[in-house]
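User: I'd like a close look at the core of this protein, please. Could you walk me through what lies inside and how the chain around it is arranged?
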Amino acid sequence: MSKGRVITARSAGVVVGYLLFVFNDSPFYEEKICTVGMYYLQRTHRKVGVGKRMFLLLEQLAKEAGCKQIVVSYNLKQPLESFYNGLGFSATHVALAKEI
């Protein structure tokens, strides 16, 4: 199992956003994938390109690591579909969760 990594966004030295991810071998194909476990950006820093820059850096790191795909998910209570679509992501899977 790969070790998780993080990209942070900072403003005046204070963390205002983070992107947690891991590089792993795909369980289905003979390739490496990047899976985003968590993404957050404070409201005051949204819609000004900060999140986009975080994901562009992630894409660069994933390519350098040999990944062929980046997989993300988001909470339906805080939809990010239009944000991810704007970065070139498209829906390929459905994930379900049960709170316990």
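User: To set the scene, what percentage of the 100 residues of the protein chain count as buried?

Analyst: Happy to help! This is a predicted model, so local features need pLDDT of at least 70 and side-chain atom pairs count only at pLDDT 80 or more, while totals for chains, interfaces and linings use all residues. Residues are numbered from 1 along each chain as its sequence is written, and side-chain values use heavy atoms, with hydrogens and water left out.

Of the 100 residues, 26% count as buried, meaning under 20% relative accessible area with a 1.4 Å probe, protein chains only. The largest nonpolar core has 20 residues; such a core is a set of buried Ala, Val, Leu, Ile, Met, Phe, Trp, Tyr and Cys residues joined through side-chain atoms within 4.5 Å. Leu19, Cys34, Tyr39, Met54, Phe55 and Leu58 touch the most other members. Two or more core residues come from each of strands E1 (5-11), E2 (14-25), E3 (32-41) and E4 (67-71) and from helix H1 (50-64). H1 gives the largest share, six residues.

Now for Met54: beyond its neighbours within four places in sequence, Met54 is in contact with Ile7, Ala9, Gly17, Tyr18, Leu19, Tyr39 and Leu41, where contact means heavy atoms within 4.5 Å.

Around this core, the chain runs β-β-β-α-β-α along the sequence, with two helices and four strands. These are DSSP runs (helices H or I, at least four residues; strands E, at least two), numbered from the N terminus. The C-alpha atoms fill a box of roughly 40 × 30 × 30 Å, taken along the principal axes.

Key. Buried < 20%, exposed > 50% of the residue type's maximum accessible area, 1.4 Å probe, protein only.
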